[in-house]
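Grab a pencil and work through these exercises with the structure open beside you. Try each task yourself before you read its solution.

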Amino acid sequence: MSAEDVTCEAIEAAVIDGRSITAYADHIAGCPACQGLITITHQIHDTVAVTPHTAGQKPQWLAELHARRARRRKVLAWTAGGLAAAAGVTALLVIQPWSSPTMIAEVAEDHPLPLQEPTVPAQEARPATAPRDTPPSPPPGVGRPAWVTSDTPFTGYCIGERAEALRASDVGISCVGTSSYRFTKDDGRSEARDVALEAVSLRVAERIETRFFTEKVRPAYEPAFRALHDAYDKANDDREAYRRLADARHRAAIALTRDAGASLPLREADWYWEEYPATDGKGTEFMVWVRYDLGADQIGQLIQAYEAARVRDNQHVVSAFPLLAFPFDGFRGGDLPADGPVTREAVLPAAPIR
Amino acid sequence: MDTWEARDASRDADARRERWLLQLVDQHGDAAYRTAYRLLRDRHDAHDAVQDALTTAFRRWDELRSEDAARGWFFRILVNRCISRQRRNAVRTRALGILGLAPEPRAADDTVTTDVGEHVLPHLMRLPIKQRTALILRFGDDRSVDEIAAAMNIGTESVKTHLKRGLAELRKRLHADAGGTR
C-alpha cells in the first residue's frame with residue numbers, strides 16, 4: 001500500500017478499532033497529523049495508567065475479601081513498640097520472662113538485623129517438636145496499631161503524604177509490609193521487612209524521572225515484577241509462586257539496604273505481630289507487620305541515589321534499582337553502566353563494578 | 001412449596017449469590033477498581049463506585065442470564081456508576097464554584113504520569129463526560145469499541161463518534177496550549 005493511497009481518516013479508524021497500523025507506517029512517517037493522533041492515544045494511556053500492583057491502592061474491603069479464605073481466628077497479638085521506644089522495650093523485655101533472647105540482643109546492641117538469605121518457607125523448615133520461639137503471653141488489651149490498616153498476607157502498602165494523622169509534621173512516607181502466616185515471629189518479621197522495602201522501592205520508582213530509568217530500567221524490571229505478583233495473586237496455595245515472589249523480594253531488599261546507605265532507616269520504625277492457630281491444628285502461626293518511616297529528605301536522597309550518574313573506573317554508572325532483582329536471579333545491587341541497555345550482563349557483570 | 005422448602009430454597013439462593021459475588025470480586029475486583037480509578041481519578045470515589053456496583057450486582061443478580069456474561073454485565077454497571085458519579089461531581093464543583101468554594105484540584109498520588117501525560121490530563125478531564133469515558137476506556141483501559149458500547153449502553157457507531165470528537169477536541173486544545181495554529 002503506497003503512502004498516497006492511505007488517508008488520515010483510515011488511520012484514525014484503525015486506531016479507534018484497535019487494528020494494526022503497521023501497514024500505514026510510510027504514511028505515518030510523513031504525516032504530522034497522524035503522528036499527533038498516535039502520540040495522544042499513548043499519552044492518554046500513560047496519563048491514566050495506575051502503577052502496577054501496589055497493594056496500598058487496593059481498597060481495604062477488597063483486600064479483606066481476597067484474604068477471607070486465609071483469615072483465621074486471632075489468638076494473641078502484641079506490638080513491639082518500635083525503635084523510638086527502644087529503651088522502654090528493653091526494659092519491658094527484661095521483665096517479661098517469655099521474651100525472646102534474640103530480641104533483647106537486637107534492641108540492646110542497637111544495630112540492624114542482618115537480612116537472611118532466601119530460605120524455604122518456615123512451614124517446611126520448622127522442626128516437628130515445639131517451636132524455638134515459645135509464644136509469649138501478651139498483656140490483655142493490646143490492639144492493632146493505627147498503622148496496621150490491612151491484613152492481607154504477604155502484601156505491602158504505603159501511607160503517604162495524606163496520612164496527616166500519622167505524620168503531622170512531615171511529608172515523608174510510612175511503608176508497611178505484612179508477612180504471610182509463618183511459624184516463627186522471626187521468619188515473619190524478616191519477610192514483612194522485605195515486603196515493606198519493596199513498597200519503599202515502588203514509591204521511589206514513581207518519583208524517578210530520568211530518561212535512563214523510564215526508558216531502560218523500568219521496562220527491564222516491570223514485566224517480571226508484574227508476572228511474579230500476578231502468578232502469586234492468581235495461585236491458590238501455590239508454594240512455587242510464593243517462593244519465587246519471596247525470593248525476588250528478598251533479593252530486592254538486600255540490594256536496597258546495601259546500596260541506599262544512610263538514605264534508608266537502619267531499622268524498622270515499629271513492628272507488630274498476631275498469633276493464629278495453624279491450619280493443620282498443630283501449634284500456631286504468626287502474621288507480622290513491619291513499618292519503615294522515611295522522611296522527605298530520605299526519600300529525596302533515595303531518588304538521588306538511583307537517578308544520579310557518576311564516574312567509576314572511567315565509566316558512567318548509576319546504582320542499579322533494587323526491583324531489577326525480579327527479572328535477574330543473581331542480582332544483589334551494585335552499579336550499572338548508565339549508557340547501555342539493562343541486560344543480564346550489565347546487571348550481573350562478571351567483575352561487578354563496585 | 002411449603003414454608004420450610006421456600007426458606008431452604010431462599011437460603012440456597014443467597015449462598016449461591018454470595019459465592020458468585022466473592023468469585024466476581026476475586027476475578028474482576030482489581031480490574032474494576034483500576035477502571036473506576038482511571039475514570040474518576042480519585043481513590044475514594046473509585047472505591048465507592050466499585051462498592052456501589054457490587055451492591056447493585058448483588059441486588060440484581062437474578063437479572064443475570066448466564067454467568068459467562070457476568071464480566072460484561074458487571075462492567076456495564078460499574079461504568080454507569082462512574083458516569084453518574086462524574087456527573088454528580090461536576091454539578092457539585094459547579095455549585096461550589098458559584099459559591100466561591102471551588103475545591104483545589106487534587107493530585108493523584110498513586111499514578112504513573114509522564115511529563116506529557118500531566119499536560120494531557122487537565123484537557124482530558126474537561127472533555128464532555130461521554131467523550132472522556134470513551135477515550136479513557138478505549139486507550140487507558142484497552143477496551144474494545146464493542147465492550148465500550150455495551151458498557152455505555154450505546155451503539156458502536158456512537159462510541160466511535162465520541163472517540164473521534166474527543167480526539168479532535170483534545171488535539172485542538174493541546175495545540176492551542178502549545179501556541180500552535182494547526
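Below are five exercises on this predicted model, each with a worked solution.

**Exercise 1. Getting an overview**

Find how many helices and strands chain A has, and what share of its residues counts as buried.

Solution. Start with the secondary structure: chain A holds 12 helices and eight strands. Next, look at burial: 37% of the 354 residues of chain A count as buried. Finally, check how far contacts reach along the sequence. Take the contacts in chain A between residues at least 6 apart in sequence; 64% of them join residues at least 24 apart.

**Exercise 2. A sheet and its edges**

Work out the order of the strands in the open sheet of three strands in chain A, and explain why S6(A) and S8(A) each have one side without a neighbour in the sheet.

Solution. First, the order: it reads S6-S7-S8, and the pairing is antiparallel. Then count partners. Strand S6 (310–312) and strand S8 (335–337) of chain A each have a single partner strand, so they stand at the edges and one side of each lacks a neighbour in the sheet. As for the twist, neighbouring strands here are turned by 55° against each other on average, direction ignored. Now zoom in on one pair: S6(A) and strand S7 (residues 315–319) of chain A run antiparallel and are joined by three bridges. Within S6-S7, look for Arg310(A), which stands opposite Val317(A) in S7(A).

**Exercise 3. Two helices that pack**

Describe how H9(A) and H10(A) pack, and sort the residues of their contact by type.

Solution. Two numbers do the first job: packed helices are described by the angle between their axes and the distance between those axes. For helix H9 (residues 211–234) and helix H10 (residues 239–260) of chain A, the angle is about 140° and the axes are 9 Å apart. The crossing of H9(A) and H10(A) is left-handed. Now list who takes part. H9(A) brings Leu228(A), His229(A), Ala231(A) and Tyr232(A), while H10(A) brings Ala241(A), Tyr242(A), Arg244(A), Leu245(A) and Ala248(A). Sort these residues of the H9(A)–H10(A) contact and you get seven nonpolar, one polar and one charged.

**Exercise 4. One side of a helix**

Find the buried residues of H6(B) and decide whether they lie on the same side or on opposite sides of H6(B).

Solution. The buried ones in H6(B) are Val145(B), Glu147(B), Ile148(B) and Ala151(B). They span an arc of only 160° around the axis, so they sit on the same side of H6(B). A handy rule here: an α-helix has 3.6 residues a turn, so residues three or four places apart point the same way. What do the buried residues of H6(B) pack against? Their partners are helix H1 (8–17) of chain A and, in chain B, helix H3 (70–98), H5 and H7.

**Exercise 5. Positive phi, exposed or buried?**

Locate Asp142(B) and Asn153(B), then decide whether each is buried or exposed.

Solution. Asp142(B) is in the loop between helix H5 (129–140) and helix H6 (145–152) of chain B. Its phi is near 55°, a positive value in a residue other than glycine. Asp142(B) has 10 C-beta neighbours inside 10 Å, so it counts as exposed. Asn153(B) follows H6(B) and lies in the loop between H6 and helix H7 (156–177) of chain B. Asn153(B) is not a glycine, yet its phi is positive, about 60°. With 11 other C-beta atoms within 10 Å, Asn153(B) is exposed.

Note on methods. Residues numbered from 1 in each chain as written. Chains lettered and ligands numbered in written order. Predicted model: local features only at pLDDT ≥ 70, side-chain atom pairs only at ≥ 80, totals over all residues. Pairing = 2+ DSSP bridges. Helix = DSSP H or I, 4+ residues; strand = E, 2+ residues; numbered from the N terminus. Axes fitted to C-alpha atoms, helices over the stretch in contact; angles between N-to-C directions. Buried ≥ 20, exposed ≤ 12 C-beta atoms within 10 Å, placed from the backbone. Contact = placed C-beta atoms within 7 Å. Left-handed = near helix turned anticlockwise from the far one by under 90°. Nonpolar A, V, L, I, M, F, W, Y, C, P; charged D, E, K, R; others polar. Arc of directions from axis to C-beta.
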